[in-house]
Amino acid sequence: MGANTASPVTELLLRWNGGERSCLDELIPLLEQELRRIAHCHMRNERPGHTLQTTALINEAYLKLVDQSRANWANRAHFLAAASGIMRHLLVDHARGLCRERRGGAKLHLPLKEDLVFSPAKSKALVALNDALDELAELNPRKAQVVEMRYFGGLSVEEAAEALGVHPNTIVNDWRLARAWLKRELARGAPDEG
Amino acid sequence: MKADRWRKVEELFEAAQLLPLDRRGAFLLEACPGDAELRGEVESLLKAAGSSDALLDGSPLSSIVERAPALKAGDKLRNFQIMGPLGRGGMGEVYRARDLRLKREVAIKTLPPAWAGDRDRIARFEREARSASALNHPNIVGVFDVGHEGDVSFIVSELVEGETLARLIERGPLPIKKLIEAGSQICEGLAAAHAAGVIHRDLKPSNIMLTRDGRVKILDFGLARQERGQGPESTTMEVSHAGSILGTPGYMSPEQVRGGEATDARSDLFSLGVILYEMASGKRAFGGASSIEVMNSILKDEPPELPVSSPPALDRIVRRCIEKEPARRFQTAADLGFALQSLPMGSATAETPKTKVAWKWAALVTGLVIAGGAYGLWKHSSLSSAQPETTFRRLTNDPGLTSDGAISPDGKLFAYASDRADPSHLDIWVQQVDSGGLVRITNDPADHADPAFSADSTQVAFRSERGEGAIYIAPAIGGEARLLIPGGKRPRFSPDGRMLMYWTGQEPHDVRGSSEIKLWVSPVAGGESAQIAKGCRLFEQTPVWSPDGSRILFVGTCGSDIETLGSRTQNYGLKGWISTIDGKHLKSNRDLYGIWRTIHAPPAIGQWIAKPSRLLIPLPSGDATSITAVPISEEGTEMGDPIQKLAFSGGNVARVSAALDGRIVLSSGTMEPHIWSLAIDSKGSVSRLPRQLTFGPAGEFFPTLSTDGEKLAFLSNRANGQRLFYRDLVTGGRKKSQPRGTVTTRLCSIMTARS
């Protein structure tokens, strides 16, 4: 009853959790579709006084796609982790699209297919953040994953710990260092801003 | 090595950031002797950790969304001049403006810029706003115009002076009178919109205005998709139903929360139920720290009871609105409005007993009705046949099946079996007669039925079909149920509460009673059981305790009469019998069976009450039932005259029970078949959930589809006798057939009566 029973996400998630890693390939397009849809609705209806949180978007996707009575806490953490990565790519793709438009020929209204309306400056910053995150991943993949989950997915420390199979303290330390590193890199990349 | 170095940076960073700021420099100098680069790396990270970054410190979304451009007083949008801000609406800013052409003031709502680039959406929005503008009703804010000017899309509507319901509720719960008035007006507005195929989908207190003269105006109507049934258009639903997801999910229906499901008018009724709850209590029905928690709560929780200051009937109405399953809610806004207007205007304690409210039911419905004022009747034991002034109050309002009502001896509680929690089985519920407060006693997927109170009104015994079937006993306030009698059925406590009567054996299918049934009396505290009516064929719905607890009365055939049964007429030998509770002595009451002689139903006796001594018996006649009091001698051996009709019920009465104060509870049920459609594919399998097609107040029968599947003809019991109706399933229009002649009916496969 709880979730849309027509969705195969629960099944995939359970199989994934049971060790069938290939399920992720099937899971991601389904997640992406739902996240796009939800983001689409939210952006259209965004209003003052409410902070738009990716957490809310991802949790909403979870509520809709996953049969709550069958999935457990670990399934949820994995779902959220996968969704975080998708959310990151969704957002960055849009931001990149915007940047290209700006370079191409300054149109004020961007014929974006989706409704994520970014301000040009923020879009640039988001793309820079994404690039810095890729660099961080080369130094330390787990720290980059933690940022992806915590920042783009809005996962709590406990959820990220569950998804990565580490102690929550590790997440706290990773998160602290990764943020410091990213801030430093971003500040270096844009010395005239601040 | 790069990795080594990075690990070193990490270690030093972790260690240093634990130290106070002024000691970090010294620590790093000591930790990286001669490696200024390493030290510099760690120091720069420590510095960055203390800095801020607008993007990284926020949410990746929150800071990058553009807002609708604000308009200033004096700005012009086409022929509308902005006068000032009015507030913020669901999708953008709202302004007071002046229509320079028609010289009147209007409200203008602007839409987010995200809309501007999407021509399809703007077109759809305008189409929808136009359909809303066709709604002309005093309880709906009229939409005058839609348009765009440059970047800005906007909607022009009637300017309503007043305050929102949200504001009003902030000051506390509404008085019941005001609640009923406002609620009824909202229902009228909704009913008009639903009739036009427009569903609100974002009903909430901030979308409802109250003008100074007390009129309710519903805002933002029709900004959601127009109802179109299942077709290619329904793909647009997913984007338009999400109107309130982020800001105020608290009023969404479960089907909206889940998404992907079709929502219909009943979704608005759920939202209105949540609003009514808030009007009565001042509190949100579904709460939570985040929108996710709220949505979870909508899917799973039942809100706490309304405060005692509200009438119990209001609580029941609200609960029917916020049923998780649309089919269990009120089916139309008009029905809900009617229910609201039937509420007493005073406080809860002043609620006067009412005659049975003419509810409209979607399915087989059994309600429990309590008779008040019957106490006086027993005292005035004048044998006049005048109809006593017994008044009734409906106690339960659930669709589905409610039956086996039993009142506690102290008259404060009543227990019944109902499928209100889960239509797949019956549970035992105990409800407070006065406050309506409700406790669910059983909670497993088996059927539970036939509850009976202990003499002190603190325990409820009932039959459970769990396992092999047994009688269980549980505290009336809820708690662990305990197995009492394996295999037992129809528990009845003795008036002193020490003994329990029940029967075992197979349900009889014999009009002459069954010898398969064994009737027993067992001490509740444990000990020897005695079999009553050994060697008798008895009617299992008849055994009752005498008021003093010394005897048991039942209807059946005993002794030598049994041998002659087969060869004589059906009723031969059927009598009332009185047994001692050790089962050793049996006397007959020759006349008792005469009460049922002309009735085509097996005998059933509700209760034997005292002072004066009477049997409470439901006597069916046709589609109705009269509740009768049959005078009987205190020994049970002689009958008196005349039989008194205490009350009359339009439905079939399954059980009657009385409290010591003379109040009685009865369960009354009526069958109201409706027509449902069931999609069957070419392979013969059912592909979708059944959809209810008729919702009328009367039963509807014998549906027949036209060959193109677009028209439905059916018989309906409404008004004067059966008449033929037909309905256009495409447009939803319905008509009564003109000529009133003979109707030839043909049974069609799509008729289902939900039970």
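## A hairpin to start with

In the hairpin formed by β12(B) and β13(B), 5 residues sit between the strands, and B:G411 has a positive phi near 75 degrees. Helices and strands here are DSSP runs numbered from the N terminus, with at least four residues (H or I) for a helix and at least two (E) for a strand. This is a predicted model, in which local features need pLDDT of at least 70 and side-chain atom pairs count only at pLDDT 80 or more, while totals for chains, interfaces and linings use all residues. Residues are numbered from 1 along each chain as its sequence is written, and chains are lettered from A and ligands numbered from 1 in the order in which they are written.

Back to the hairpin: β12(B) and β13 (residues 413-418) of chain B pair in the antiparallel sense over 4 bridges. Two strands count as paired if DSSP finds at least two bridges between them. What stands opposite B:I407 in β13(B)? That place belongs to B:F414, while B:A406 has B:A415 as its bridge partner. Strand β12(B) is mostly covered, with 6 of its 6 residues buried. Buried means that 20 or more other C-beta atoms lie within 10 Å of the residue's own; 12 or fewer makes it exposed, anything in between partly exposed, and C-beta atoms are placed from the backbone.

## Two open sheets in chain B

The hairpin strands belong to an open sheet of 4 strands in chain B, ordered β12-β13-β14-β15 with antiparallel pairing. Its edge strands are β12 (402-407) and β15 (438-440) of chain B, each pairing on one side only. On average, neighbouring strands of this sheet are turned by 25 degrees against each other, direction ignored. Axes are lines fitted to C-alpha atoms, for helices over the stretch in contact, and angles between N-to-C directions run from 0 to 180 degrees.

Further along chain B, another open sheet of 4 strands follows the order β20-β21-β22-β23, also with antiparallel pairing. β20 (489-493) and β23 (530-532) of chain B each have a single partner strand, so one side of each is left without a neighbour in the sheet. Here too, neighbouring strands are turned by 25 degrees against each other on average, direction ignored. Within this sheet, 6 bridges join β21 (residues 499-504) to β22 (residues 518-523) of chain B, which run antiparallel. B:L500 stands opposite B:S522 in β22(B).

## A helix and a buried strand residue

Helix α7 (residues 176-195) of chain B has 20 residues and spans 28 Å from its first C-alpha to its last, close to the 28 Å expected at 1.5 Å a residue. The expected span is 1.5 Å times one less than the number of residues. Of the 20 residues in α7(B), 14 are buried. After α7(B) comes B:G197, with a positive phi near 80 degrees.

In strand β31 (residues 624-631) of chain B you will find B:I627. Why does B:I627 count as buried? It has 24 C-beta neighbours inside 10 Å. B:I627 and B:R655 are 28 residues apart in sequence, with their C-alpha atoms 9.8 Å apart in space.

## Helix packing around α8 of chain A

Helix α8 (residues 168-189) of chain A packs against helix α3 (residues 36-50) of chain B at about 95 degrees, with their axes 8 Å apart. The two helices, α8(A) and α3(B), are therefore roughly perpendicular. The cut-offs are under 35 degrees for roughly parallel, over 145 for roughly antiparallel, 65 to 115 for roughly perpendicular, and oblique for the rest. Residues of α8(A) including A:R176, A:W181 and A:R184 meet residues of α3(B), among them B:S44 and B:L45. Contact means C-beta atoms, placed from the backbone, within 7 Å. The residues of this contact divide into 6 nonpolar, 1 polar and 4 charged. Nonpolar covers Ala, Val, Leu, Ile, Met, Phe, Trp, Tyr, Cys and Pro; charged covers Asp, Glu, Lys and Arg; the others, Gly among them, are polar.

Inside chain A, the axes of α7 (residues 157-164) and α8(A) come within 8 Å and cross at roughly 105 degrees. That makes α7(A) roughly perpendicular to α8(A). A:V157, A:E158, A:A160 and A:A161 in α7(A) meet A:P168, A:I171 and A:V172 in α8(A). By class, this contact has 6 nonpolar, no polar and 1 charged residues.

## The chains as wholes

Chain A has 8 helices and 0 strands, and 46% of its 194 residues count as buried. Of the contacts in chain A between residues at least 6 apart in sequence, 70% join residues at least 24 apart.

Chain B has 15 helices and 40 strands, and 43% of its 755 residues count as buried. Among contacts in chain B with a separation of 6 or more, 52% come from residues 24 or more positions apart.

Terms used: Contact = placed C-beta atoms within 7 Å.
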